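Student: I would like to take a close look at a single part of this chain and to see how that part fits with what surrounds it. Please go slowly, and explain each term when you first use it.

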Amino acid sequence: MLDKETLAAVADELLAAKQTRTPVPLLTARYPDMTIEDSYAVQNLWRSRLMASGRSLAGHKIGLTSKAMQAATGITEPDYGVILDDMVLENGCSLDWERYTHPRVEVELAFVLGKPLSGPGCTIFDVLDATDYVVPALEILDSRIEMEGRTIVDTIADNAAMGAMVLGGNPTAPRDLDLRWVSALLYRNQTIEETGVAAGVLNHPAAGVYWLANKLSAHGTSLEAGEIILAGSFTRPMWVYKGDSVLADYGPMGTITCRFE
């Protein structure tokens with residue numbers, strides 16, 4: 001466990017890294033005794049700093065929920081981070097590539113809650129009942145810590161690599177389709193790069209949402225009505241570069257596009 005002064009210093013270091021787009025060395029290499037609890041404490045510190053500057057909480061993201069993502073990172077357990085209001089972007093947007101470090105794109109489903117969700121004991125049926133609608137989403141990953149050799153401790157402290165998200169397509173009530181069979185085709189510059197099916201996320205994309213509700217309950221918090229919950233990627237992350245255009249085709253659920261300039 002790290003002391004409060006060290007936790008605060010790490011949080012400030014990561015905030016500075018975002019501004020300079022210069023990833024910091026691995027935390028686990030410098031603080032071998034750092035725990036998962038320490039990492040979430042760092043995440044909460046920088047979240048508090050940003051919210052004190054006027055940003056607000058829009059929701060949460062869940063990461064590392066699929067075999068595709070676990071294989072890509074070498075990390076075998078889920079994690080979560082927070083989504084702030086200025087991270088939520090509209091379909092068809094242009095993103096400043098220079099704003100991000102090592103940007104990558106993932107294909108996901110976003111659950112928009114109509115009711116609060118809390119644990120312990122939250123189930124998939126509670127999630128489906130509480131969800132107002134599900135909508136396609138792209139997550140833009142942004143790394144403030146060196147990527148080579150990262151562990152889950154590094155990733156959590158880095159807000160689960162959350163950079164931004166793009167919402168689009170057709171909002172759909174969860175009772176109107178089998179979410180396990182939602183599929184997507186991911187294109188970069190008109191070339192297909194990745195495909196995936198939402199069942200790749202813990203066998204059902206809603207499973208990550210109830211996992212998160214139960215995880216948060218241990219810290220005395222819950223998911224609130226109106227929050228956006230990114231349920232986890234069902235493709236590997238796709239690298240993007242300046243000038244790239246991205247399109248994700250979710251079939252009946254519509255498409256999402258964005259461009260990096």
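Which exposed residues are carried by the face of helix α1 that is turned away from its buried side?

Tutor: The face of α1 turned away from its buried side carries the exposed residues K4, E5, Q19 and T20, where exposed means over 50% relative accessible area, buried means under 20%, and partly exposed lies in between, with a 1.4 Å probe and protein chains only. Before we go on, please keep in mind that this is a predicted model, in which local features need pLDDT of at least 70 and side-chain atom pairs count only at pLDDT 80 or more, while totals for chains, interfaces and linings use all residues. Residues are numbered from 1 along each chain as its sequence is written, and side-chain values use heavy atoms, with hydrogens and water left out.

Let us begin with the helix itself. Helices are DSSP runs of H or I with at least four residues, strands are runs of E with at least two, and both are numbered from the N terminus. At 1.5 Å a residue, the 17 residues of α1 should span 24 Å, and its end C-alpha atoms are 25 Å apart, which agrees; the expected span is 1.5 Å times one less than the number of residues. At the N-terminal end, D3 acts as a cap, with a side-chain oxygen 3.2 Å from the backbone nitrogen of E5. After the helix comes R21, whose phi is positive, near 60°.

Now turn to the other side of the helix, where T6, L7, V10, A11, L14 and A17 are buried. They cover an arc of only 140° around the axis, which puts them on the same side of α1; this arc is taken from the directions that lead from the helix axis to the C-beta atoms. The buried residues of α1 pack against α2 (27-30), α3 and α6, and contact here means heavy atoms within 4.5 Å.

Two of these partners deserve a look of their own, starting with α3. The 17 residues of α3 (residues 36-52) should span 24 Å at 1.5 Å a residue, and the end C-alpha atoms are 24 Å apart, which agrees. Its buried residues are D38, S39, Y40, V42, Q43, W46 and L50, and they pack against α1 (4-20), β2 (79-84) and α6 (152-157). Just after α3, G54 takes a positive phi of about 115°.

The other partner is α2, in which we find T28. With a relative accessible area of 22%, T28 is partly exposed. If we leave aside neighbours within four places in sequence, T28 is in contact with T151, V153 and D154. The side chains of T28 and D154 are joined by a polar contact of 2.8 Å, a term for a pair of N or O atoms within 3.5 Å, of which, within protein, one must be able to donate a hydrogen and the other to accept it, while residues adjacent in sequence count only if both atoms are side-chain atoms. T28 and G149 are 121 residues apart in sequence, yet their C-alpha atoms are 9.2 Å apart in space.

To return to your helix, one side of α1 holds the buried residues, L7 and L14 among them, whereas the face turned away from that side carries exposed residues, including K4 and Q19.
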